[in-house]
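Thanks, everyone, for making time this morning. I would like to walk through one model with you, beginning with a single residue and then widening the view.

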Amino acid sequence: MNKPVRHISVFVGLLVLALLVRANWIQFVRSDDLANHKDNKRVKIASFAQPRGNIIVGGQPITGSSETTGDYKYKRTFKDGEMYAPVTGYSSQLYGNSQLEFVNNKLLSGTDDKLFLQRTTDMLSGKKPRGGDVVTTIDPKAQKAAFEGLGKYKGAVVALDPRTGKILALASTPSYDPSVFAGNTLKDQEAYKKLEADKDKPLVNRAIKERYPPGSTFKILTAAAALEHGIVSDINAKGSAPVPYKLPLSTTTVRNDVQTEECVNGSLKAGLQWSCNNVFLDLADKLGKDKMRETAEKFGFNNKNIFIPNGTVESIYPKNLDRPQTALTGMGQGSLDSTPLQIAMMTAALANDGKLMKPYLVEELRDPSLNTLEKHKPEVMSQAVSADTAKKVQQMMENTAQNGTGKKALIDGVTVGAKTGTAQHGVNNEKLPYAWFVSYAKQGDGSPVAVAVFIDPEGSGIDRDEISGGGLAGPIAKKVMQAVIKK
């Protein structure tokens, strides 16, 4: 073979080798990326070629599939879409998936490797591929009570089983019906764009994706920190916080909403009962930023890895605070921000004798033949505070429900602990304050339910003087607890 021919042969051989390497790279290395690429229409068509598996609440599907015309044979349908949207998310031929529809997309669409045996059996028997089901922890009565209770307000409700971490209710308002943009028509586009442009942000899940100052609900954590770190040992002992209270290193004074002599040098028990700002500002200052932050983090603050399995935004207890800022966190103000889920976790841990359970929304994953593929096992996140500390906070919260600001949550024949909260909102507090309420109910085997209710009354037409955690949010918490304990 002469030299030019040999060179051409080598060059052609290298080209063939390059093609083989590229083909193998695409087939074995990039196959998953390409298969799941948002612009891969063939894969998208295949995912809508058969009915989708369902999301289950209380033993019943709250999703379905309906036949359509065009490239996509089926589209998603939702039962009580607005009520359950914070749980299910959406599944749209145009806009993809969110929430559980996103996290469990492969199982629901029937492409998950967990369904390999099922797919093989279906193929041999001539059946079309089928998706698996996602069984949630949601209590349908509690979810309804939460959603209907929020009504016209912007807000969120989270209810947990403190013993296991099960999410019993996850509501956010205003909400949306995922069915209205599940297809790929012009009408679907218009519906989605309208929701996206809405200033009240109905597409945002306020329960897990937005942060707010927790206000006086955070006082139960400050109380727990003071007991845990030995700043207070006797909850009935008089303190040393005057009224009004002057912030350390500052000329700013803070007053109390409830005018009672019990707040003057008040005990921890009286401070929680009447939500005395001075008591908790003083305690946070005595604890200092490091001990306050350490306790907050044991309850879940500053944790970026809380998945339920949907991702949640991190609740913040800042690291670099001066003394006045640290004192303000004692009453749930300042630079402190939290999701309603986090506030529910804090309440649930105290109701569960200090043990914080990891919150979870999915009980079980099933194949199309209803066989269990995965079943959730409850997990301990931390022992946030000792059982002795938690029981003292329970005692004070139960006193607050019986004799203080938490009476709106009382249920006949059931032990209830509660704490109200309002939180300043906007520069110089020019906007209406947020209303909060946290509570738990106790029965023989501990507490089966802890609730956090958050309301943003801005735009509701309510007067500032009418806003209180007990008045707005307390009745909602009571109805959710009643739904869980069937009272």
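Let me start with a question: does valine 449 count as buried or exposed, and why? Please keep in mind throughout that what we have on the screen is a predicted model. Valine 449 has a relative accessibility of 0%, which is under the 20% limit, and therefore this residue counts as buried.

As for where it sits, valine 449 belongs to strand β18, which covers residues 446–456. If we set aside residues up to four places away in sequence, valine 449 touches Ala159, Leu160, Pro162 and Leu168, then Ser439, Tyr440 and Ala441, and finally Met481, Val484 and Ile485. Lysine 166 is also worth pointing out, since its C-alpha atom is 9.3 Å from that of valine 449, although the two residues are 283 apart along the chain.

Now to the protein as a whole. It has 487 residues, of which 51% count as buried, and it contains 17 helices and 18 strands. The C-alpha trace spans about 105 × 60 × 40 Å along its principal axes. Taking contacts between residues at least 6 apart in sequence, 69% of them join residues at least 24 apart.

Turning to the interior, the largest nonpolar core has 76 residues, and those with the most contacts inside it are Leu170, Phe218 and Leu268. Helix α15, residues 340–351, supplies the largest share of this core, with nine residues. Apart from this core there is another, of 35 residues, which includes Tyr153, Ala169, Val414 and Ile476. To come back to leucine 268, and again leaving aside its neighbours within four places in sequence, its contacts are Ala223, Leu227, Val232, Ile235, Ala237, Phe280, Leu283 and Met396.

My last topic is the packing of two helices. Helix α11, residues 219–228, packs with α15 at an angle of about 45°, and their axes are 10 Å apart; the two helices are therefore oblique to each other. The crossing in which α11 passes α15 is left-handed. On the α11 side the contact is made by Ile220, Leu221 and Ala224, and on the α15 side by Met346, Thr347 and Leu350. By character, the residues of this contact comprise five nonpolar and one polar, with no charged residue among them.

I will stop there and take questions.

Conventions
Residues are numbered from 1 along each chain as its sequence is written. This is a predicted model: local features need pLDDT of at least 70, side-chain atom pairs count only at pLDDT 80 or more; totals for chains, interfaces and linings use all residues. Side-chain values use heavy atoms; hydrogens and water are left out. A nonpolar core is a set of buried Ala, Val, Leu, Ile, Met, Phe, Trp, Tyr and Cys residues joined through side-chain atoms within 4.5 Å. Buried means under 20% relative accessible area, exposed over 50%, partly exposed in between (1.4 Å probe, protein chains only). Helices (H or I, at least four residues) and strands (E, at least two) are DSSP runs, numbered from the N terminus. Contact means heavy atoms within 4.5 Å. Axes are lines fitted to C-alpha atoms, for helices over the stretch in contact, and angles run from 0 to 180 degrees between N-to-C directions. Angles under 35 degrees count as roughly parallel, over 145 as roughly antiparallel, 65 to 115 as roughly perpendicular and the rest as oblique. A crossing is left-handed if the near helix is turned anticlockwise from the far one by less than a right angle, and right-handed if clockwise. Ala, Val, Leu, Ile, Met, Phe, Trp, Tyr, Cys and Pro count as nonpolar, Asp, Glu, Lys and Arg as charged, and the others, Gly among them, as polar.
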